[in-house]
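Welcome, and please get your viewer ready for a short walk through a protein. At each stop you will hear what to select, and then what is there.

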Amino acid sequence: MLLTDPEVESSLLISSDEGATYQKYRLNFYIHSLLFHPKQEDWILAYSQDQKLFSSVEFGRRWLLLHEGVAPNRFYWSMMGSGREPDLIHLEAKTVDGHAQYITCKMQNCSEATRSKPFPGYIDHNSLIVQDDYVFVQLTSGGRPHYYVSYRRNAFAQMKLPKYSLPKDMHVISTDENQVFAAVQEWNQNDTYNLYISDTRGVYFTLALENVKSSQGLEGNVMIDLYEVAGIKGMFLANKKIDNQVKTFITYNKGRDWSLLQAPDTDLRGNPVHCLLPYCSLHLHLKVSENPYTSGNIASRDTAPSIIVASGNIGTELSDNDISMFVSSDAGNTWRKIFEEEHSVLYLDQGGVLVAMKHTSLPIRHLWLSFDEGRSWSKYSFTSLPLFVDGVLGEPGEETLIMTVFGHFSHRSEWQLVKVDYKSIFDRRCAEEDYRPWQLHSQGEACIMGAKRIYRKRKSEKKCMQGKYAGAMTSEPCVCTEADFDCDYGYERHSNGQCLPAFWYNPSSLSKDCSLGQSYLNSTGYRKVVSNNCTDGVRERYTAKPQQCPGKPPRGLRIITSDGKLTAEQGHNVTFLVQLEEGDLQRSLIQVDFGDGIAVSYANLSSTEDGIKHIYQNVGIFRVTVLVENSLGSDNAVLYLHVTCPLEHVHLSLPFVTTKNKEVNATAILWPSQVGTLTYVWWFGNNTEPLITLEGSITFTFSVEGMNTITVQVSAGNTILQDTKTIAVYEQFQSLRLSFSPNLDDYNPDIPEWRRDISRVVKRALVEATGISSKHILVAVLPGLPTSAELFILPYQDATGENKRTAADLEQISETLIQKLNQNLVHFELKPGVRIIVHAAHLTAAPLVDLTPSHSGSAMLMLLSVVFVGLAVFVIYKFKRKIPGLNIYAQMQNEKDQEMVSPVSQRESIPNVPQSELMSPEQLVDEKVEVQPIEQPQATVQNPRKGNATKVVWTEDFQKACGSPRGFKPRPGAEVFPQLLSPRAQKKSLPM
């Protein structure tokens, strides 16, 4: 005996003397559930609360960890008959990447080296079922579940349901007698299931009964109203929904024929019951209790094959009202009413004694006994005080006459166990003359499942103890009739009783895998019910006949990938499967062109049974063609395969600042550049509708001032990556190139994170030195060496739209900044002892160029004070700039860095200077742009096109995997992507 309470502590209490004494064993895990071996009583599997599976061969005294990440209730012992290895364990485990996989291993050694994976590939979560000789798994693809079965541990095969059943859900009901009984919910069903029955291998299924009622269990599990009667092969009861009414049906031949239940002739008082089939019948509740200590609505036993006890009602349909108890002592042919209310019924002495206890919430002290299969009942007292009954349990063993009732005398009292032994009722054991023969039949038909079976039953008037169950006395095979055969797969039974092909089924397809000179079994449209023992008669006429394979030209050729996908990864094996509906495959020539300049030929299909493997070295869309031909004809098929390389990084190239109503170019830079077919999804500002393109570059305009975000998502196969950047839009702004103390270069690793941090530090130093609001300043440290930065002076306004800065205000701010920079008053401490001074790129107080029609007087005076009067006239060009977007705005606090600079349209009257054309530290940079009130960001997309070519840092190993980034011209010797350098158009700028 073994006890545990994981809610209290992680330990086991083990008793070797039937509970007299216990020994405690500490565990290093908390038990969730236990599974005992069906044959070896000391072998146990323990499932922990953290989804680990342990095994013990010492009845829980020592434990060995088998596997982690095991799915709950998805671990099984191998059955002795089919597994041949009693210590083999089947389990469903989760892989590192979250997939589910079917694994088998030995209970004492489940290491990675010893594990087997019988099913190729992954399976759906919580889909593994191991039952008798069968293993079932589910795999969903294309939005539809597909079910696979392995019979006697052979290779898995896909389960074949009628073509248009299109199952949403499946439950295995029974695997007895080498046949699978399954309940399938089809595409047009919600609260009902269809019953299907298979061939021996569990592959081909035919319909047994439609629209069987289902319900939800207490734990959310699906309950199918189907009951397999114990002790009689092929006998089932089912509740079928017909026109919103639920009726109970019975079958004696595994669903080949169904009929309603005949209601009792009389009630408990002997009055006649007027109930005429098919308008009125008996209906039963078929729910079986999951609690071993309480009975369900129906009960039967292998050792009492003729006796069925159930609750139900008489009428036109099953009802939850007016429930009574009924019993059949002739295997469901006739029924008797035994109680007006629901009772729990316990079988003792092989059904020789039936014990009934009333279902009630009140305390009781009486029960009822019947010694004549429920024809008469006697009242007995089992306790002196009324007991609230919680459950009843019969002692194990075939000859048991002992039952245990457990409950409590009051709601505050402890549990009470009442042991009742009925041996004293009998004064002798039954002798041969106390029995009579009883023949199993179905409404008078003695041949059930192809045999006449005669059982030995105790005479109802004899009151003796039966002892061990002897089973059927005799079993005689019957002559085969049409009733012993069901319709074969692909055939349907019509009103005249004939099995004819369904509209979707082509009988000649049976020979599709057949080669000339060989033979195959040609179906007659019928197949004998599995486990049916009939002989002779019509057996020969209805049994499938061996037939010589006909020579046929290839037809219905298909080429698919082994995983059913139309995508593959560059450099990895792709397995193609060639399939034919008809044709002499063994004598056919197969030619496959992979579309990349490589083709193969096969003399017969046998060499491609495991698939045709190929590795693509380049990305792209490849046209894969296959041609199959023989002496009788040919057929061809085409598949378009998308070969991709995994997308690893997306970088959105965007200016930092732009002017209102001017074209801006945004480009998605990819690494690697060649990844196959891509889709780009662009989001602008607060717009809820994206723009979807096949190009990685677009142009657009912003009509409203303010800070705007642009997001691009790039979809490559199953991978979607995105990048978001922020761009400032104003009617006018000014900018200035900054330089730093040369010692800053010694600490510049030239990575985006460092540039973001330095930009933030420089901005803070400017604010401290000048007292200018941080809202007017944007600093972007540029990639490359020597270290430089771009300072933008923005016309920030408050939320009310007031206090907007004018051009004169910006000019004043720029003069203040330049003055402080030229006075070396802008500096910061990089680290203790390392002071960095920030300079204007040219130590001059010359103003930045304005975009207004004429220069201001103060600006001209400042310029003339710097140069020699009369020596030269400086021409200051008017231009607008497309400047790379930077996420280091104090307002936005983005964490990404803008690395690329792309030019905007140069067709405007005022020149547009991209960052690639910014002057070097030896040249003066003067720039201004426009300003207006900040409103709701709006973007207008115009003429999507590819962006201008931009440079990328490079190494010789850069192109090994998949190629260079899109839009970049490689140059050996530079640094590796994604540290992208801003282009420099001028030769004196930083070299690429």
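Is N824 buried, partly exposed or exposed? Select N824 and switch on a surface: with a relative accessibility of 35%, N824 counts as partly exposed, because the buried class ends under 20% and the exposed class begins over 50%. Keep in mind throughout that you are looking at a predicted model.

**Stop 1: the whole protein**

Zoom out before going further. The protein has 992 residues, and 49% of them count as buried. In a cartoon view, the secondary structure comes to 68 strands and five helices. About 47,500 Å² of the protein is exposed, with carbon and sulfur atoms supplying 50% of that area. If you like contact maps, take the contacts with a separation of 6 or more: residues 24 or more positions apart account for 55% of them.

**Stop 2: two backbone angles**

Return to N824, in the loop that runs between α4 (807-822) and β63 (827-831). Most residues other than glycine have a negative phi. N824 is not a glycine, yet its phi is positive, at about 60°.

Now select E177 for a second case. E177 is not a glycine either, and its phi is positive at about 55°. Look for E177 in the loop between β15 (169-174) and β16 (181-185). Which accessibility class does E177 fall into? E177 counts as partly exposed, because its relative accessibility is 31% and the partly exposed class lies between 20% and 50%.

**Stop 3: two cis peptide bonds**

Most peptide bonds are trans. To see one that is not, select L277 and P278, which are joined by a cis peptide bond with omega of about 0°. P278 sits in the loop between β23 and β24 (281-284).

Then go to L785 and P786. The peptide bond from L785 to P786 is also cis, and its omega is near -5°. P786 belongs to the loop between β61 (777-782) and β62 (788-793).

**Stop 4: the surroundings of T248**

Select T248 in strand β22 (residues 245-251). How much relative accessible area does T248 have? The value is 0%, so T248 is buried.

Show side chains here and turn on polar contacts. The side chain of T248 makes a polar contact of 2.5 Å with the side chain of N239. A polar atom of the T248 side chain also lies 2.8 Å from the backbone nitrogen of L284. To widen the view, leave out neighbours within four places in sequence and display what T248 contacts: L237, A238, N239, S259, L260, L261, L282, H283 and L284.

**Stop 5: the second largest pocket**

Next, load your pocket display and pick the second largest pocket, which holds about 790 Å³ of space. Its lining is made of 31 residues, and those closest to its centre are L207, A208, L209, E210 and R493. Colour the elements that give two or more residues to this lining: β17 (192-198), β18 (205-216), β23 (259-260), β39 (485-487) and β40 (491-493). Which of them gives the most? That is β18, with six residues. Colouring the lining by residue class shows 15 nonpolar, ten charged and six polar residues.

**Stop 6: Y435 in its strand**

Select Y435, which is found in strand β36 (residues 435-439). Y435 counts as buried, because its relative accessibility is 11% and the cut-off for buried is under 20%. Try a distance label from Y435 to K459: the two are 24 residues apart along the chain, and their C-alpha atoms are separated by 5.3 Å. Beyond residues up to four places away in sequence, Y435 touches C430, R456, K457, R458, K459 and Q466.

**Stop 7: L166 in its loop**

For the last selection, choose L166, placed in the loop between β14 (157-158) and β15. At 28% relative accessibility, L166 counts as partly exposed. Its C-alpha atom is 9.3 Å from that of V184, and L166 and V184 are 18 residues apart along the chain. Which residues does L166 contact once neighbours within four places in sequence are left aside? Select R144, E186 and W187 to see them.

Definitions and conventions
Residues numbered from 1 in each chain as written. Predicted model: local features only at pLDDT ≥ 70, side-chain atom pairs only at ≥ 80, totals over all residues. Heavy atoms only, no water. 1 Å grid on protein atoms, 1.4 Å probe; cavity = no way out; pocket = protein on both sides within 12 Å on 5 of 7 lines; lining within 4 Å. Points joined across faces, edges and corners; volume = space filled by probe spheres on them. Helix = DSSP H or I, 4+ residues; strand = E, 2+ residues; numbered from the N terminus. Nonpolar A, V, L, I, M, F, W, Y, C, P; charged D, E, K, R; others polar. Buried < 20%, exposed > 50% of the residue type's maximum accessible area, 1.4 Å probe, protein only. Contact = heavy atoms within 4.5 Å. Areas by Shrake-Rupley, 256 points an atom, 1.4 Å probe, with all protein chains shown as cover. Polar contact = N/O pair within 3.5 Å; in protein donor to acceptor, adjacent residues only side chain to side chain.
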